[in-house]
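Here are some short exercises to work through with the model open beside you. Try each task before you read its solution.

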Amino acid sequence: MKGLVLKDIFGVRFQMFGAVALMLLPSLMLILGGGGMAVAEGIEPPPIELSVLLYGLVNYISITLCSSFLVNTLGFDERSGWAKMQRTMPVTGGEIIGAKFAAMGLILAMLTVMSLIVNIVCAQLFKIPLEPMIALPFVMCMVQAMSLSPTFTLGYRFGAKATTAAYICIMVLLAAAMAVIVFMVFAGDIGAAALRVIAYAVMPALTAAVVAVSWITGKRAVMVDI
């Protein structure tokens, strides 16, 4: 299984390097821009809510962009014939689909840690509340896990051509849900307590359920006769 995981990670290593560099660029611009505003006289800093929303967007784009290349690995496997070849090897369906989930977990963990470090540094520099800056990367990580997990299963069930459309549809739905929550926060319909329940209880439970169901159904899809 270790080889299957490394195969997926190595398959997108060049895209990952470029995506990570792109991820750091907006964060660096925010640091430099925030520093300029902090020292300039007569310029008021942006509202805290706007700053948190801005970093949330950066975290969302960064984690989504960098990890979305994993969707391409299904296409690589299908075009190269590896998708059929691996089913003849002494590995179970759970190990095959589990390798996808393991690669997803490793890449999301790396991106989440990088985003978390940037957020904490910026929170200290610009006096932004630390709690939302710490919670944001984890929330975005869970959102992406809920997008990629069913995409892997659908890819094995219906073929690699279905993965891109499925991934986009799932991402649009989740992004719309987050936009509704943000709108309700700014409208005052959701308070801090409700946000904590969503971030610390609802999101982890929902993510665990989606990943578990996707893994079980994906394991069955992998073992379908060629």
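**Exercise 1. Sort the residues of the lining of the largest pocket into nonpolar, polar and charged.**

Step 1: Set the classes: Ala, Val, Leu, Ile, Met, Phe, Trp, Tyr, Cys and Pro are nonpolar, Asp, Glu, Lys and Arg are charged, and the others, Gly among them, are polar.

Step 2: The lining then divides into 30 nonpolar, 1 polar and 3 charged residues. This is a predicted model, in which local features need pLDDT of at least 70 and side-chain atom pairs pLDDT 80 or more, while totals for chains, interfaces and linings use all residues. Residues are numbered from 1 along each chain as its sequence is written, and side-chain values use heavy atoms, without hydrogens and water.

**Exercise 2. Describe the setting of Asp77 in helix α4.**

Step 1: Find Asp77 within α4, which spans residues 70-80 (helices are DSSP runs of H or I, at least four residues, numbered from the N terminus).

Step 2: Check its exposure: Asp77 has a relative accessible area of 5%, so it is buried (under 20%, with a 1.4 Å probe and protein chains only).

Step 3: List its contacts (heavy atoms within 4.5 Å). Beyond four places in sequence, Asp77 touches Lys7, Asp8, Trp82, Ala83, Lys100 and Tyr156.

Step 4: Look at Lys100 again: its side chain and that of Asp77 are joined by a polar contact of 2.9 Å (N or O atoms within 3.5 Å, one able to donate a hydrogen and the other to accept it).

**Exercise 3. How many helices does the chain have?**

Step 1: Count along the chain to find 9 helices and 0 strands.

Conventions:
Helix = DSSP H or I, 4+ residues; strand = E, 2+ residues; numbered from the N terminus. Buried < 20%, exposed > 50% of the residue type's maximum accessible area, 1.4 Å probe, protein only.
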